[in-house]
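This report describes the fold, the packing and the interior of one protein chain. Please keep the sequence and the model at hand while reading.

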Amino acid sequence: FNAAISACRKGGEWQKSLRLFRVMAQRGVDFDKITFGSAMSALEMSGKWGEASQLFRSMAHSQVEIGKVTFSAFVGACKSGGQWAEALRLFSMTAQYTVELDTIIFSIAISVHRKGGDWAKALQFFRDALESKEVEFDTTSSNAAIGMLGNG
């Protein structure tokens, strides 16, 4: 099922991706973080933040670990849907979900907080990224931070 959901995502078929997800549930097939990540990525690519939000809530209630792919895809779906408040709310809950913060997550966090109007929080994420041993600071993070400083 995971390969089929991923193929639907790559083909831009988010509806089929969710349909396969529902079939898995009906048949009692166990979900894993790859299943959720693939379905969430399909919703992100389609800008379907409402459906992504429902999927995220169902994952949060399951026993499946919320991985960084799923987390960043959900934030991306919120971002592409213009739902800055939802994305900001999620970042305030990262500790609850024990999401491993890496370069991608930090870059998204900086961008979301900057575009959401909270430049001070964006700057804090930038500082945290600089101090983190797990984060390789890259051009994307640098550009997001520089853009934030230019608009702040």
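A nonpolar core, as the term is used here, is a set of buried Ala, Val, Leu, Ile, Met, Phe, Trp, Tyr and Cys residues that are joined through side-chain atoms within 4.5 Å, where buried means under 20% relative accessible area. The model in which such cores are described is a predicted one.

In this model the largest nonpolar core holds 27 residues, and the members that touch the most other members are M40, L55, F56, F71, F74 and V75. At least two residues of this core come from each of α2, α3, α4 (49-61), α5 (68-80), α6 (84-91) and α8 (103-115), with α5 giving the most, namely six residues. Another core lies apart from it and has eight residues, including F106, L123, F125 and F126.

As for the chain in general, its secondary structure comes to 10 helices and zero strands, and buried residues make up 43% of its 152 residues. Of the contacts in the chain with a separation of 6 or more, 58% are accounted for by residues 24 or more positions apart.

How do the helices at the start of the numbering pack? The axes of helix α1 and helix α2 come within 8 Å and cross at roughly 165 degrees; because angles over 145 degrees count as roughly antiparallel, α1 and α2 are roughly antiparallel to each other. The crossing in which α1 passes α2 is left-handed. On the α1 side the contact is made by A4, I5 and C8, and on the α2 side by K16, S17, L20, F21 and M24. By type, the residues of this contact divide into six nonpolar, one polar and one charged.

The table gives the residue ranges of the three helices that figure in the remaining description.

| Helix | Residues |
|---|---|
| α1 | 2-10 |
| α2 | 14-26 |
| α3 | 33-46 |

Within helix α3 lies S38. Its relative accessible area is 9%, and S38 is therefore buried, since the cut-off for that term is under 20%. When residues up to four places away in sequence are not counted, S38 touches N2, I5, S6, R9 and S17. Two of these names, I5 and S17, also appear in the contact between α1 and α2, where I5 belongs to α1 and S17 to α2.

Methods:
Residues are numbered from 1 along each chain as its sequence is written. This is a predicted model: local features need pLDDT of at least 70, side-chain atom pairs count only at pLDDT 80 or more; totals for chains, interfaces and linings use all residues. Side-chain values use heavy atoms; hydrogens and water are left out. Helices (H or I, at least four residues) and strands (E, at least two) are DSSP runs, numbered from the N terminus. Buried means under 20% relative accessible area, exposed over 50%, partly exposed in between (1.4 Å probe, protein chains only). Contact means heavy atoms within 4.5 Å. Axes are lines fitted to C-alpha atoms, for helices over the stretch in contact, and angles run from 0 to 180 degrees between N-to-C directions. Angles under 35 degrees count as roughly parallel, over 145 as roughly antiparallel, 65 to 115 as roughly perpendicular and the rest as oblique. A crossing is left-handed if the near helix is turned anticlockwise from the far one by less than a right angle, and right-handed if clockwise. Ala, Val, Leu, Ile, Met, Phe, Trp, Tyr, Cys and Pro count as nonpolar, Asp, Glu, Lys and Arg as charged, and the others, Gly among them, as polar.
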